[in-house]
Amino acid sequence: MAAEIVNPRSDSSTDQDGGAEPLDSFDPVFALHRGGKMAVQATVPVRDKDDLSLAYTPGVARVCTAIAEQPELVNDYTWKSSVVAVVTDGTAVLGLGDIGPQASLPVMEGKAILFKQFGGVDAVPIALDCTDVDDIVETVVRLAPSFGGVNLEDISAPRCFEIERRLQERLDIPVFHDDQHGTAVVTLAALRNAARLSRREIGQLRAVISGAGAAGVAIAKMLVEAGIGDVAVADRKGVVSADREDLTPVKRELAGFTNKAGITGSLEKALAGADVFIGVSGGTVPEEAVASMAEGAFVFAMANPNPEVHPDVAHKYAAVVATGRSDFPNQINNVLAFPGIFAGALQVRATRITEGMKIAAAEALAAVVGDDLAADYVIPSPFDERVAPAVTAAVAAAARAEGVARR
C-alpha cells in the first residue's frame with residue numbers, strides 16, 4: 001500500500017448546500033485542493049478470489065502469526081519500514097500561527113506528498129486535537145507501531161523541543177522535527193558553499209541568527225557542531241546572553257554554547273562586523289545594520305513571505321544572498337533535506353537521526369552544487385534530481401558509521 005499523489009476531488013460546480021459558486025470556480029489554489037491532495041493506492045492486485053485470499057483472509061493470518069513470533073518481520077511484510085507519520089497540533093502553521101488541527105491539514109497533506117515526490121517515502125498526515133505535551137507524547141507513542149518514523153511539524157516552541165526529546169527517548173524509530181532540523185541542514189549546506197565561494201572556512205566566520213525559536217536554536221546547534229567561529233542568537237529582547245535573567249530553559253542552554261564573544265544588547269549591535277546573518281524570525285532588519293556587516297558578508301533572510309532583509313537591499317552589501325522564497329535565487333527550502341534524510345534513515349532502519357546524520361546530509365547537499373558554484377547558486381533546486389539520492393546515501397552511510405542502523 002502506498003500514498004498516491006492524486007487529487008480525487010469532485011468536479012461539482014456548486015457548493016455542498018447548493019448555493020453560491022464554490023471558491024474553486026475562480027481560485028486555482030482552491031481548485032487544486034478540492035477533495036484533498038492525496039489518496040491511498042494498493043501495491044498488489046485484488047482481481048479475483050485467489051488474490052483476495054492472499055491479500056486478506058485466510059492468507060494474511062499466516063503473515064500475522066509470523067510477525068507475532070518474530071516482531072522484526074513487520075518491517076519486511078508491511079509498509080511500516082517505508083512510511084512516516086507527519087504529526088502536528090496546528091499551533092505554529094507556516095506563518096499563520098495557531099490555527100488548529102483541521103486548518104493545518106492542507107499543509108500536512110502537502111508535506112506528505114513532498115515526502116513521496118522528492119524522497120519516495122510514504123507519509124500519513126496526523127493532526128492531533130490536543131496541545132498538552134504529555135497528551136501529544138502519549139498519543140504518538142501509541143501510534144508509533146504503525147510507522148517507521150515520525151516527522152513532527154508545525155508545533156510551537158518551546159513545547160516542540162520537549163516533545164521531540166521525549167519521543168526520541170521513548171521510541172526506537174527516527175523522530176525528527178523538520179521545522180528545526182530540516183532548516184538547519186539546508187542552511188548549513190548553503191553556508192558551506194558560500195564559504196567555499198569566498199575561499200574561507202566556516203571556522204573563520206561569525207554568524208548572527210535572528211530568531212530563537214525552533215529553527216534558530218537548531219541552526220545554532222548545527223553551526224556549532226560544524227565548527228562555526230562564533231554564533232550569536234537574538235530574540236525579541238536582544239542577543240541571548242548568559243547575563244539575561246529572562247531566559248527560558250531552552251534559551252539558557254543556548255546561551256551556554258553560543259556567543260563566545262559575549263555580545264550583549266540588540267541584534268543591530270551584534271551585526272556590526274558580522275560575516276553572516278541568518279533570519280528565521282520575521283520582522284525587518286534596518287539597512288544600516290546590514291551595511292555595518294563585514295565586507296563580503298552572507299545574508300540568509302529566510303522569513304516568508306517577507307524576508308527580514310529584502311534581496312535588493314541585501315545585494316548592496318552582501319556577497320551571497322539567500323531567502324526562503326522560490327522567486328529569488330538560493331532558496332533555503334526544507335524539501336531539499338527531509339525527504340532524503342528520512343529515506344536514508346528508513347533504508348537502514350535507523351533507530352534515530354543523529355547529529356552526524358544531519359551533518360552528512362548537509363555535506364551531501366552542498367556537494368551537489370559542485371563546480372557550478374556561484375553567488376546565485378550556493379544551494380541546488382528542489383527539482384534537481386541528484387539531491388534526494390545524494391542525501392539518502394549520505395544519511396544511510398552515516399547511520400551505519402554511528403551504529404544506529406539495523407541493517
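## Contact between domain 1 and domain 2

Across the interface of domain 1 and domain 2 there are 3 salt bridges. The model is predicted. Its mean pLDDT is 93, with 94% of the residues at 70 or more. Residues 5–16 are an exception to be read with care, with pLDDT below 50; beyond near neighbours in sequence, this stretch still has 27 contacts in the model.

The domain assignment places domain 1 at 73–173 and domain 2 at 178–406. Their C-alpha centres are 23 Å apart. Domain 1 brings 28 residues to the contact, and domain 2 brings 21.

The size of an interface is often expressed as the accessible area lost when the parts come together. Here the area buried between domain 1 and domain 2 is about 2000 Å², and carbon and sulfur atoms supply 60% of that area. On the side of domain 1, the residues that lose the most area to domain 2 are Phe-118, Phe-161 and Asp-172. Together these three account for 31% of what that side buries.

Polar pairing is also present: 9 residue pairs are in polar contact between domain 1 and domain 2, counting pairs with both residues at pLDDT 80 or more. Several elements of domain 1 give two or more residues to the side that touches domain 2: helices H4 (74–77), H5 (101–119) and H7 (159–170), together with strands S3 (83–88) and S5 (149–152). Helix H5 gives the most, with 5 residues. By residue class, this side of domain 1 divides into 15 nonpolar, 7 polar and 6 charged residues.

Side chains of opposite charge can pair when their charged atoms come close. In the whole structure, a search finds 22 salt bridges. Two of the pairs are listed below with their N to O distances.

| Salt bridge | N to O distance |
|---|---|
| Arg-406 and Asp-172 | 3.3 Å |
| Glu-138 and Arg-170 | 2.9 Å |

The pair of Glu-138 and Arg-170 links distant parts of the chain, with their positions 32 residues apart in numbering. Glu-138 is in helix H6 (residues 133–143), and Arg-170 is in helix H7. Helix H7 is also among the elements that give two or more residues to the side of domain 1 touching domain 2. Asp-172, for its part, takes part in the salt bridge with Arg-406 and is one of the three residues of domain 1 that lose the most area to domain 2.

Notes
Residues are numbered from 1 along each chain as its sequence is written. Side-chain values use heavy atoms; hydrogens and water are left out. Domain bounds come from an automatic or database domain assignment. Contact means heavy atoms within 4.5 Å. Buried area is the accessible area (1.4 Å probe) that two parts lose on being put together, summed over both. A salt bridge is a side-chain nitrogen of Lys or Arg within 4 Å of a carboxyl oxygen of Asp or Glu. A polar contact is a pair of N or O atoms within 3.5 Å; within protein, one must be able to donate a hydrogen and the other to accept it, and residues adjacent in sequence count only if both atoms are side-chain atoms. Helices (H or I, at least four residues) and strands (E, at least two) are DSSP runs, numbered from the N terminus. Ala, Val, Leu, Ile, Met, Phe, Trp, Tyr, Cys and Pro count as nonpolar, Asp, Glu, Lys and Arg as charged, and the others, Gly among them, as polar. pLDDT is the predictor's confidence in each residue, from 0 to 100.
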